[in-house]
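Colleague: Could we go through this model together? I should like to begin with the cysteines and then move on to other topics.

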Amino acid sequence: MIYLDYAANTPADEQVLKSFCNANMNYIANPNAFHEMGRTAKERMDEATSKIAGYFGAVKNEVIYTSGASESNNMAIKGIASSYKYNGKHIISTCLEHSSVSGCLTYLQNQGYEIDLVDITSEGLVDINHLKELLRKDTVLVSVCYVDSELGTKQPIEEIAALLKEYPNCFFHVDATQAVGKIPVSFGNIDLLSFAPHKFYGLNGCGVLLKKEHIVIEPLIHGGKSTTIYRSGTPALGLAVSIEKALELSCEQMNQRYEYVSGLSETIKSNLLQYKNVRINSTEKAISYLLNLSVKGIKALDFQQALEQEGVCISTKSACSVPHTPSRPVYAVTKDKKNALSSWRISLSHLTTQEEIQMFLSAFDRCYHQLVG
């Protein structure tokens with residue numbers, strides 16, 4: 001099989017697995033235990049946490065370990081809404097968000113919060129002028145993804161952050177799950193930032209929420225001592241060390257990986273644009289790791305299944321999206337519902353080979369002529 005769905009999940013790097021195993025074998029005590037082995041484990045935990053924070057320009061006390069990006073997003077959004085509801089109950093987000101964000105917003109809307117979605121431009125970017133119009137004195141949170149998981153558009157995070165400086169009661173949450181490990185990400189002007197290492201060759205079942213020290217949020221889980229008061233549970237040293245290693249490897253090789261993947265993406269685009277019914281939905285503002293396209297008149301699921309018969313794995317949308325529905329990001333950009341129903345995603349990796357791309361292009365050609373005629 002040819003795997004072109006790296007935005008959904010990546011294989012764990014062997015060095016990451018070794019770091020996890022070594023930590024669990026060499027540090028068997030609870031890092032919160034009041035004895036020598038516990039203190040030794042805590043020192044290693046603090047070291048890993050400090051290094052993780054350092055990759056983003058954060059500090060150790062701003063790192064909260066979670067079970068994944070979905071929990072991080074829930075913790076950030078629900079936590080802010082609960083702790084700062086007396087400042088207002090207005091939240092702004094986008095139609096580009098992962099379901100762990102949009103699901104939170106639906107939940108809060110049912111609790112009496114007012115949710116507005118900012119317009120998206122034809123380039124796939126947050127419409128800054130519309131955002132200015134939506135912002136109010138009672139806006140307590142703006143939540144925008146760093147890179148969306150369907151089109152791959154990189155949002156103007158710094159520009160949004162600068163605008164929000166004028167609203168001291170409004171916090172800025174960024175879901176950076178599709179960005180971390182692929183492009184440089186800074187925590188500098190962001191209040192809360194979510195990510196998970198399984199998107200960059202780390203382990204499943206763990207994630208991080210970075211939260212500025214001065215911000216207080218209501219925890220999702222109460223009781224029990226951990227590395228922070230905001231997320232209970234025995235500190236998982238092995239997982240923390242594995243996150244540290246995954247970040248180290250991805251940051252060391254970020255530029256080389258990006259350049260290589262950009263070449264693969266350009267090869268795919270130049271070949272697919274030769275087909276008259278193919279439409280590339282990802283804009284020039286998208287990162288090279290994700291490529292969204294449509295084949296006119298062919299539902300995404302039909303093309304996905306045809307490719308699977310050829311031994312190619314792609315995604316119709318984000319793996320957590322509802323099937324048989326139009327892609328909201330694609331519709332926002334193209335304003336074409338039929339096109340949004342036909343859209344699907346290729347997501348690449350430095351592990352993707354040139355040979356695999358050629359095999360995919362051959363498989364695409366066969367599927368195209370089979371389905372389109």
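**Cysteines, sheet and rings**

Modeller: The structure holds zero disulfides, a disulfide being a pair of cysteine sulfur atoms within 2.5 Å. This is a predicted model, in which local features need pLDDT of at least 70 and side-chain atom pairs count only at pLDDT 80 or more, while totals for chains, interfaces and linings use all residues. Residues are numbered from 1 along each chain as its sequence is written, and side-chain values use heavy atoms, with hydrogens and water left out.

Colleague: Which cysteine sulfur is nearest to that of C95?

Modeller: That of C145, which is 9.0 Å away; C95 is in no disulfide.

Colleague: Is C95 buried or exposed?

Modeller: C95 is buried, with a relative accessible area of 15%. Buried means under 20% relative accessible area, exposed means over 50%, and partly exposed lies in between, computed with a 1.4 Å probe on protein chains only.

Colleague: And how far is the nearest cysteine sulfur from C251?

Modeller: The nearest one belongs to C206 and is 15 Å away, and C251 is in no disulfide. C251 is partly exposed, at a relative accessible area of 33%.

Colleague: Now the sheet. What is the strand order?

Modeller: The order is β2-β8-β7-β6-β5-β3-β4, in an open sheet of seven strands with mixed pairing. Two strands pair if DSSP finds at least two bridges between them. Strands (E, at least two residues) and helices (H or I, at least four) are DSSP runs, numbered from the N terminus.

Colleague: Which strands stand at the edges?

Modeller: β2 (63–66) and β4 (114–117) do; each has a single partner strand, so one side of each is left without a neighbour in the sheet. Neighbouring strands of this sheet are turned by 20 degrees against each other on average, direction ignored.

Colleague: What packs on the sheet?

Modeller: Helix α4 (residues 99–110) does, touching β3 (90–93), β4, β5 and β6. Contact means heavy atoms within 4.5 Å. The direction of α4 makes about 155 degrees with that of β3. Axes are lines fitted to C-alpha atoms, for helices over the stretch in contact, and angles run from 0 to 180 degrees between N-to-C directions.

Colleague: How do β5 and β6 run, parallel or antiparallel?

Modeller: Strand β5 (residues 139–145) and strand β6 (residues 171–175) run parallel and are joined by five bridges. V144 has V174 as its bridge partner in β6, and S143 has H173.

Colleague: How many residues of β6 are buried?

Modeller: Five of the five, so β6 is largely enclosed by the rest of the structure. F171, H173 and D175 point one way from the strand, and F172 and V174 the other way. In a regular strand the side chains alternate between the two faces of the sheet.

Colleague: Back to β2. Which of its residues are buried on each side?

Modeller: V63 and Y65 are buried on one side, and I64 and T66 on the other, so to speak of coverage, both faces of β2 are covered. Four bridges join β2 to strand β8 (residues 207–211), and the two run antiparallel. The partner of I64 in β8 is L209.

Colleague: A change of topic: how many aromatic pairs are there?

Modeller: The count comes to 12 aromatic pairs. Rings of Phe, Tyr and Trp (its six-membered ring) pair if their centres lie within 6.5 Å; planes under 30 degrees apart count as stacked, over 60 as edge-to-face and the rest as tilted.

Colleague: Why is the pair of Y3 and Y6 edge-to-face?

Modeller: Because the planes of the two rings stand at 75 degrees, with the centres 4.8 Å apart. Y3 is partly exposed, at 28% relative accessibility, whereas Y6 is buried, at 8%.

Colleague: Which residues form an aromatic cluster?

Modeller: Y275, F303, W344, F360, F364 and Y368 form one.

Colleague: Which charged end sits over the ring of Y113?

Modeller: That of K89, 4.7 Å from the ring centre. A charge sits over a ring if NZ of Lys or CZ of Arg is within 6 Å of the ring centre and within 35 degrees of the ring normal. K212 lies over the face of F187, at 3.6 Å from the ring centre.

Colleague: Lastly, where does K299 lie?

Modeller: K299 lies in the loop between β10 (290–295) and α9 (300–309). At 57% relative accessibility, K299 is exposed. Leaving aside neighbours within four places in sequence, K299 is in contact with L341 and S342.
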